[in-house]
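Hello,

Here is the structure for your files, with my notes on it below. Please read the notes with the coordinates open.

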Amino acid sequence: MGQQQEAGTGTSPAEQSPRNGKKRVVVAGLGMVGIAFIEKLLKYDEKRGEYEVVVIGEEAHLAYNRVGLTSYFQHRKVEDLYLNPESWYSELPEGSLEHRLNTRVTSINTEDKTVETSNGDHVPYDVLVIATGSNAILPRHTPGHDANGVFVYRTIEDLQKLIDFSAQHKGSVGAVVGGGLLGLEAAKAMMDLEEFGQVKLIERNKWVMSRQLDGDAGTMVVEQVRDLGLDVMLTKRIGQINTDADNNVTGVTFEDGDKMECSCICFAIGIKPRDELARKSNLECAKKGGIIIDPKLATSAKDVYAIGECASWNDQTYGLIAPGIEMADVLAFNLTQAKAHTVRQFKRPDLSTKLKLLGVNVASFGDFFADRDGPKYLPARRRAKDEKSASTNGNTPASVKALTYRDPFENHYKKYIFTEDGKYLLGGMMIGDTKDYVKLVAMVKNQQTLDVPPGEFIIGASKDGDEDGDDLPGDTQICSCHNVSKDDIVEPIKEGKCNSLGDVKSCTKAGTGCAGCVPLLTNIFNKTMASMGQEVKNHLCPHFEYSRADLYNIIYVKKLDSFPSVMKECGKDEKSLGCEVCKPAVGSIIASLFNKHVLDPDRRHLQDTNDRFLANMQRNGTFSVIPRIAGGEITPEKLIVIGTVGKKYGLYTKITGGQRIDMFGAKKPDLPAIWQELIDGGMESGHAYAKALRTVKTCVGTTWCRFGIGDSVGMGVRLEERYKSIRAPHKIKGGVSGCVRECAEAQSKDFGLIATDKGYNIFVAGNGGATPRHCDLLAKDVPPDEVVPILDRYLAFYIRTADKLQRTARWLENLPGGIKYLKEVILDDKLGICAELEKQMQDLIGTYFCEWTETLKSPERLQTFSQFANTSERADGIEKVEERDQSRPTFWPKESVTEDFRGTKWSNLSWQPLAKSEQFSDAQAGSSVAVKRGDTQLAIFKVKGKYYATQQMCPHKRAFVLSDGLIGDDNDKMWISCPLHKRNYTLNGEEAGKCKNDEAVNIATFPVEAREDGMVYVKLPPVEELDAVLGTQKWLVRREGEEKPFEQMDRKLKPVMKGRKGVSASHLPNGLGAQGKVQAILVGGERGSSGIDW
């Protein structure tokens, strides 16, 4: 290697002339390691201000979480994978970071200290950091490797290509080659696509994960993933990829002569360091690949460093993220802190891993193959004894002993490897039960002497629940992805820098990689806060010093059935009107206990907008309508009713994931008329707007399916009919599958049933959403007649004890004792409350009514659905776009309106009568209406006897919705909370119009008063002046210039999309198409008739 620059010797790592007083660090590569280095460098350099950073990224995306790449198949949003939001890059101090995307560094001139990029730019550097990562290996020696249908699994682009391909080859066989970590991830991703009829995993060894697991452990993983539907083919090597005349993959021929049909092959057989830039620039590289670095991460060129997967340290490269993060930290430290501290060196990295692959927990830690390959290292004291023994007796040193435990019933496997005397733990592997992983990694890393026999680590030291972190030393690594220790987490909490779990994640990056450490991270945060006397309070909000569960019990015992009575008995200030948090929670509890109509005058203004109008508010201020379709079963007659309503009111229609039909775009004044027609046609409210039971999804079961064991439709319909309308802390979804094929996805629901020969297995506390969770088994082989009592108890217990807006999944995770305790309460009646839970549920079910039916009977309730209180006129805030023969609102603008509405200087103001006093209620929670003057929409609120007036438009998304929000107070300050994204605008005092939680936006406020003539007057400028500032047409979101996100994709796919046609067109020659066929049906089959006048 060439001459190396010593960091920490009193001179800087680079001697170039400073630019603007700063040295420039150029980073080639904007991946996980590259961004980690930048973050750490900027953090270490925060006070010194020595460096400016230029990062050059080859991909079109900002740095994203490659460890979590598989989740892209669910959300399809690259932004959800970003390690830092886009705003992070722009909000950094001026001149600290410049990032370039879609640009590749093509060469390095180490003499002139410049890099050349793919667009011809020459960028000078003082320090160059190469973080180019690696490429997925594609076996180019294999015939057919370049065929259509051959993929690798490495980048967002790779995944998108796979998604696009799978959509065009539905029902075919997809294959993954490689049974390592990446291969199993790729196989899961292909299964999650649900496009391939079958997914097969091809592995050349006798078991999967052969680099992390021994034969027994790997075989157990094979068994478990096969049970989950993955076809694993072992000891198979591909000899040739078979193709057709158009070079499309048709299958493979193995080296042993066997053949297999498939349309797609995804190679996940390893990675190759991207060292071509270094080789081209004459930097020393290893024969096996990788840029040679020394312990300070320096390459053979002065002031050039390499980190991550492209770097070769001691002739080894590392494909895991943790070593790369450690390299980034060492280098950032040495460039900034080593002038005053000892220079850090990169040492042997910890290759421990803990993952969940296809639902199977897998972990390996320390020297996990010490029993097979011999120990790579020994604790210092043990090593000294072995060396002394070897020199005295002439024996070979360092034998080890392995302790193995296998539980085939729970699918658990553990192998821990110890020194021969059992005093030190060297490493091991775990399948299934991995709770002790963090503690064991710390023991190996710290070379800690065992104070108990080795056997206790496998069968005697286990405990229920998650690790709480109490007995972990401060230097224990909690987050392996970002090398965050317990001390790194605890110190900023104690210093007051982190007051929430989100703060900890932002500050330390812990929990933002694979997220496997989040439960332990949460426990450490809670414990630390408690140790400081800052209890992590579970109060509902500032108005109530009770949790949601505590408040429920008080309301239940004292029979409090109104918000004023609850506030008087439980609130900090009995006269308070509450806020956007406690009002819906109290309203939900009252509904859960007494099931009164949510639109009654004393309850209406407790409800979020969805409940207030019995419909889901959408982004253009319109609403969606979802009638109940119990169990997904619907007659042709009801389909006609729904189709008629959708056609008549111009509604966008879509099938939901819960087997219902959603109709979007209903205007508030049209909601009663729409529901009049639906209810007249035999339908009822689906409660899609409520935190209540949504759906019970079913497969057809024995009704039609030849594999069905149970009548899943019959059971699902009965359960949905039983629990419909019941309010809960969060929405509830159910599912019933007629056999183990699980077509209704019952194990991902809040409650789910799977038919067995003896009845049903009952599963609970699963959900999809942002944090999916598989259900836990509550009871097996339950006879059909006993299903309802068990579910009654379970749901009633959940409603009683859950926190506000807490799904059943999070509730069970936080329930002391977890599923074991829940079984004791629900099945064994440990608390002696099962009879009461059943009675409570039965009483609640006995009060059922269709909320829309009752609303239509009440003229007072129907008045609340007018758009404006002073006119029957209507106004739209967003233009529509025709797409796939339906209308949708154009996309929201990306930027908020930041005009200073509250500071507007009006020429003159005069009092205008805009509403009647009788249109407002005196409810403690407040009341509101929208009014229109000229082209301007305004909101008027009545709170505690006083009136307030503001603009109706929330500037955040230019939505005219503020009158539909919830009013809150804190002492003398009052605010209105926008129903869309909870921007809170102050209503009174000197800060009236300011947004409490988004300084970028504000609203105009106006004087308002009620007079003896029964009218409410607002003091306003002339109409033309008011419209010029706040007019609906001025802020109308228009379709011109709307982004077309699929334009590029469509351009690429259209020429090769077989069978593509117009949405409503027919494939048949002379076919009528959707519109023509409907008209023909409605007029008795006569073509050419004008049909019914919709």
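**Findings**

In β38, Arg888 is the bridge partner of Val881. Strand β37 (residues 880–883) and strand β38 (residues 886–889) run antiparallel and are joined by 4 bridges. The two form a hairpin with 2 residues between them, and Arg884 in the turn has a positive phi of about 50°.

Before the rest, a word on confidence. This is a predicted model. The chain has a mean pLDDT of 86, with 92% of its residues at 70 or more. Two stretches are weak. Over residues 1–18 pLDDT stays under 50, and the model has 45 contacts beyond four places in sequence for them. Residues 460–466 also stay under 50, with 8 such contacts beyond four places in sequence. Where pLDDT is low, the predicted coordinates should not be read in detail.

**Sheets**

One open sheet has 3 strands in the order β13-β14-β15, with antiparallel pairing. Its edge strands are β13 (238–243) and β15 (259–261), each of which pairs on one side only. From one strand to the next, the twist averages 20°.

Within this sheet, β13 and β14 pair over 5 bridges in the antiparallel sense. Asn242 stands opposite Gly251 in β14. The hairpin of β13 and β14 has 5 residues between the strands, and Asn247 takes a positive phi near 65° there. On the other side, β14 (residues 249–254) is joined to β15 by 3 bridges, again antiparallel. Thr253 has Lys259 in β15 as its bridge partner.

A further open sheet of 3 strands follows the order β45-β46-β47, and its pairing is antiparallel. Here β45 (966–970) and β47 (984–986) are the edge strands, each pairing on one side only. The twist in this sheet averages 30° from one strand to the next. Strand β46 (residues 973–977) runs antiparallel to β47, and 3 bridges join them. Ile976 has Tyr985 in β47 as its bridge partner.

**Helix packing**

Two helix pairs are described here.

Helix α1 (residues 32–44) packs on helix α8 (residues 321–336) at an angle of about 30°, with the axes 8 Å apart. The two helices are therefore roughly parallel to each other, and their crossing is right-handed. From α1, the residues in contact are Met32, Val33, Ala36, Phe37, Lys40, Leu41 and Tyr44. They meet Ile321, Gly324, Ile325, Ala328, Asp329, Leu331, Ala332, Phe333, Leu335 and Thr336 in α8. By class, that contact has 13 nonpolar, 2 polar and 2 charged residues.

Helix α21 (residues 712–723) and helix α22 (residues 784–801) have axes that come within 12 Å and cross at roughly 35°. This crossing, of α21 and α22, is right-handed. In α21 the contact involves Met715, Leu719, Arg722 and Tyr723, which meet Pro784, Val787, Val788, Leu791, Asp792 and Leu795 in α22. The contact of α21 with α22 counts 8 nonpolar residues, no polar ones and 2 charged ones.

When you go through the model, please leave the detailed coordinates of residues 1–18 and 460–466 aside, with pLDDT under 50 in both stretches.

Regards

Conventions:
Residues numbered from 1 in each chain as written. Predicted model: local features only at pLDDT ≥ 70, side-chain atom pairs only at ≥ 80, totals over all residues. Heavy atoms only, no water. Axes fitted to C-alpha atoms, helices over the stretch in contact; angles between N-to-C directions. Parallel < 35°, antiparallel > 145°, perpendicular 65-115°, else oblique. Left-handed = near helix turned anticlockwise from the far one by under 90°. Contact = heavy atoms within 4.5 Å. Nonpolar A, V, L, I, M, F, W, Y, C, P; charged D, E, K, R; others polar. pLDDT = per-residue confidence, 0-100. Pairing = 2+ DSSP bridges.
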